[in-house]
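These are my notebook entries on a single model. I set down below what I looked up, entry by entry.

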Amino acid sequence: MTKRTFFIMLFALTASAANAQIAGLDALIPQGDGAVSGRIIQLVTLMTVLSLAPSLLIMVTSFTRFVVAFSFLRSGLGLQSTPANLFLISLSLFMTFFVMAPTFDKAWQEGVKPLTENQISESEAFSRTAEPFRDFMLQHVRPKDLQTFTDLAASSFPKAAEPSPDAKIDLRVIIPAFMISELRRGFEIGFLIALPFLVIDMIVATLVMSMGMMMMPPTVISLPFKILFFILIDGWNILVSGLVKSYF
């Protein structure tokens, strides 16, 4: 009985010490003005935004135009996997960072940095961070696309389309309009890229047919000429510089 009582007391003391070391819920949840449930919702929202960061990058930056243009270039050259997708996406990302550098710096200085220093609240930080991206999208969105989504928003969420001299256009209206505008401009640039290669294909196909080489695919002969043409005109420099200058 003595040993049993000793082990029971030892177990009770160990359990009490372990319970004393367990942190309470208040220690796990960041301190703030809201209740615990509100802070949990904020943490869940933050994790959701972080998981959607690549999609947000595509929606509000110049990434879409670059990727579409490079895709048309590869199709015009007739190459299936060269340059590789990894290279094209990486080049598009670095070009996006170059073009968006002033916007990123302004968003950091006015929104993210004051939030990390506990100078402003989360809601104010969001509005300050989104403002530079709003200005960038408004500078490059087509008025016709913006008007289209403004008219559509009048029936879906009227508050976002209410005309007011001091009111700002809702992001739910600007973002899809900006994406449509970027797709249109990307296809316009893609047409200009593919047109010279199409001319080369037509010339080679005509020559092959006139020589009676029916079994020889024209693309096999035109591919080296298209690559040579692209190299002689310094195509990468012209294309990249043109894409970047289209935002300035």
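**Entry 1: Helix 5**

I began with burial and found that 11 of the 15 residues of helix 5 are buried, so this helix is largely enclosed by the rest of the structure. I note at the outset that the model is predicted.

I then listed the buried positions of helix 5, among them Phe63, Phe66, Val68, Phe70, Leu73 and Leu77. The list also includes two arginines, Arg65 and Arg74, and I return to Arg65 in the next entry.

I checked the length of helix 5 as well: its 15 residues reach 22 Å from the first C-alpha to the last, close to the 21 Å expected at 1.5 Å a residue. Just after helix 5, I recorded a positive phi of about 85 degrees at Gly78.

**Entry 2: Salt bridges**

How many salt bridges does the structure hold? I recorded five, and I examined three pairs in detail.

The first pair I took was Arg65 with Glu182, whose closest N and O atoms are 2.8 Å apart. Arg65 belongs to helix 5 (residues 63-77) and Glu182 to helix 10 (residues 171-210), so this salt bridge ties together parts that are 117 residues apart in sequence. I looked up the accessibility of both partners, and Arg65 and Glu182 are both buried.

Next I examined Lys226 and Asp201, whose side chains meet in a salt bridge at 3.3 Å, N to O. This pair links distant parts of the chain, with Lys226 in helix 11 (residues 218-232) and Asp201 in helix 10, 25 residues apart. Are the two partners buried or partly exposed? Lys226 has a relative accessible area of 4% and is therefore buried. Asp201 stands at 23% relative accessibility, so I entered Asp201 as partly exposed, the cut-off for buried being under 20%.

The third pair was Arg142 with Asp145, where the closest N and O atoms of the salt bridge are 3.1 Å apart. Asp145 has a relative accessible area of 7%, so I classed Asp145 as buried.

**Entry 3: A nonpolar patch**

Which residues make the nonpolar surface patch of about 780 Å²? I found Phe191, Leu192, Leu195, Leu198, Val199, Met202, Ile203 and Leu207.

I followed up one of these residues, Leu195, and located Leu195 in helix 10. The relative accessible area of Leu195 is 37%, so I recorded Leu195 as partly exposed. As a reminder on numbering along such an element, I noted that an α-helix has 3.6 residues a turn, so residues three or four places apart point the same way.

Methods. Residues numbered from 1 in each chain as written. Predicted model: local features only at pLDDT ≥ 70, side-chain atom pairs only at ≥ 80, totals over all residues. Heavy atoms only, no water. Salt bridge = Lys/Arg side-chain N within 4 Å of Asp/Glu carboxyl O. Helix = DSSP H or I, 4+ residues; strand = E, 2+ residues; numbered from the N terminus. Buried < 20%, exposed > 50% of the residue type's maximum accessible area, 1.4 Å probe, protein only. Expected span 1.5 Å × (residues − 1). Patch = residues over 30% accessible without salt bridge, like charges linked within 9 Å, V, L, I, M, F, W, Y side chains within 5 Å. Areas by Shrake-Rupley, 256 points an atom, 1.4 Å probe, with all protein chains shown as cover.
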